[in-house]
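Work through the following exercises with the sequence and the model at hand, and try each task before reading its solution.

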Amino acid sequence: RIERCNISGKYLGIDIKQRDSWEHIKERVNCKIKADFLVLPAQHMDLREQFNFVVCSHSLEHQEFPQDTLMKTYSAMKPGAFGLFFVPAPWAYFLYGHHGWRNFQPKLIDELFSNACLQIVKIYGLGGLPSFILHVLAISWLETASIYESLSFGRIHWRLNYLLKLLKFNSMRKNKFSLILYQYFSNLTLYLDKFLPRPHHLYCIVIRRPASNHGDGHCPPP
C-alpha cells in the first residue's frame, strides 16, 4: 500500500512475532522501499528521531499500557513527522467481542495522545450501518459454525461437518465464489456507508509530533 502511494525510502516493521512474509519482503528487488523488521514489543523500542512517518494498525488495543508505546513513538518520530493510528471504536465490541484490552472513545484518544505530546490532527470515524450489518451477519454465521463444531467434538455427520467447514472464514477465503460474493457485498456496503456513516466501529487517527515545543513539564525537548 505504501508503494502504491509512490512513497520511497526505508521501512522498519515492528511486531512481537516474526512473520513468514518478512524474508520475502526484504528480498524483493526493483522496489522503492528498503524494508527491515524487528521482533520487539513496541513499548520497548528505542529509536530516536528516525522516522518521518509512522503507522500503527490494530495494535494499541492489545497493549495493557498503550501510553508507554505512544511515548516511545514520540521519541522515534522526527520533529514535524506525521503518523496514522487505527484503533477499534466502542461499536467494534458487537463485531469482535472482548478483543484486546479496550476499545477507544474520542475522550480516551485525546487523553492518551495529549499525554504523549502528540498532536491530533484529525480523527476519522470509519464504517457505517451497512458494513456493520454485513459483518455482524458474516461473523455471527462463521462463529456459529465454529462454535457448533467445537461443542460437538467432531461427532457429527460427515455431510454436516463438510458444510460447517465451508462456513468457516478460512474456507471462505479459499473458495473463489464465496470470496467474490463477499467482496461484492463489501464494496456495496462501503458505497452505502457514505449515506449511513454511523455507527463507527473503527477510528483512524492522524497525528503529528510538533516541530517544536518548549516543554510543559513532561514533554521532552525536540
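## Exercise 1: Charges over rings

The charged end of Lys-122 lies over the ring of Tyr-124, at 5.7 Å from the ring centre. This is a predicted model, in which local features need pLDDT of at least 70 and side-chain atom pairs count only at pLDDT 80 or more, while totals for chains, interfaces and linings use all residues. Residues are numbered from 1 along each chain as its sequence is written, and side-chain values use heavy atoms, with hydrogens and water left out.

Task: state which charged end sits over the ring of Tyr-74, and how far it is from the centre.

Solution. Begin with the criterion, which asks that NZ of Lys or CZ of Arg be within 6 Å of the ring centre and within 35 degrees of the ring normal. The residue sought is Arg-209, whose charged end sits over the Tyr-74 ring, 4.1 Å from its centre.

## Exercise 2: Aromatic pairs and the core

Task: count the aromatic pairs, describe the geometry of Phe-85 and Phe-113, and find which residues touch the most other members of the largest nonpolar core.

Solution. Step one is the rule: rings of Phe, Tyr and Trp (its six-membered ring) pair if their centres lie within 6.5 Å, and planes under 30 degrees apart count as stacked, over 60 as edge-to-face and the rest as tilted. By this rule there are eight aromatic pairs. In step two, Phe-85 and Phe-113 prove to be an edge-to-face pair, with 5.1 Å from centre to centre and 85 degrees between the planes. Phe-85 belongs to strand β4 (residues 77–88) and Phe-113 to helix α4, so the pair ties together parts that are 28 residues apart in sequence; helices (H or I, at least four residues) and strands (E, at least two) are DSSP runs, numbered from the N terminus.

Step three turns to burial: both Phe-85 and Phe-113 are buried, where buried means under 20% relative accessible area, exposed over 50%, and partly exposed in between (1.4 Å probe, protein chains only). A nonpolar core is a set of buried Ala, Val, Leu, Ile, Met, Phe, Trp, Tyr and Cys residues joined through side-chain atoms within 4.5 Å. The largest nonpolar core has 24 residues, of which Leu-60, Leu-70, Phe-85, Phe-113, Leu-118 and Ile-205 touch the most other members. The elements that give two or more residues to this core are β3, α2 (66–76), β4, α4 and β6, and β4 contributes the most, with four residues.

As a last step, ring pairs also link Trp-91, Tyr-93, Phe-94 and Phe-132 into a cluster.

## Exercise 3: Backbone exceptions

Task: decide where Glu-49 and Cys-117 lie, and whether Cys-117 is buried or exposed.

Solution. Most residues other than glycine have a negative phi, and most peptide bonds are trans. Glu-49, although not a glycine, has a positive phi of about 45 degrees; Glu-49 is placed in the loop between β2 (33–39) and β3 (51–57) and is partly exposed, at a relative accessible area of 35%. Cys-117 likewise has a positive phi, near 65 degrees, in the loop between α4 (106–115) and β5 (119–126), but Cys-117 is buried, with a relative accessible area of 9%. Finally, a cis peptide bond with omega of about 10 degrees joins Arg-198 and Pro-199, and Pro-199 is found in the loop between α8 and β6 (202–208).
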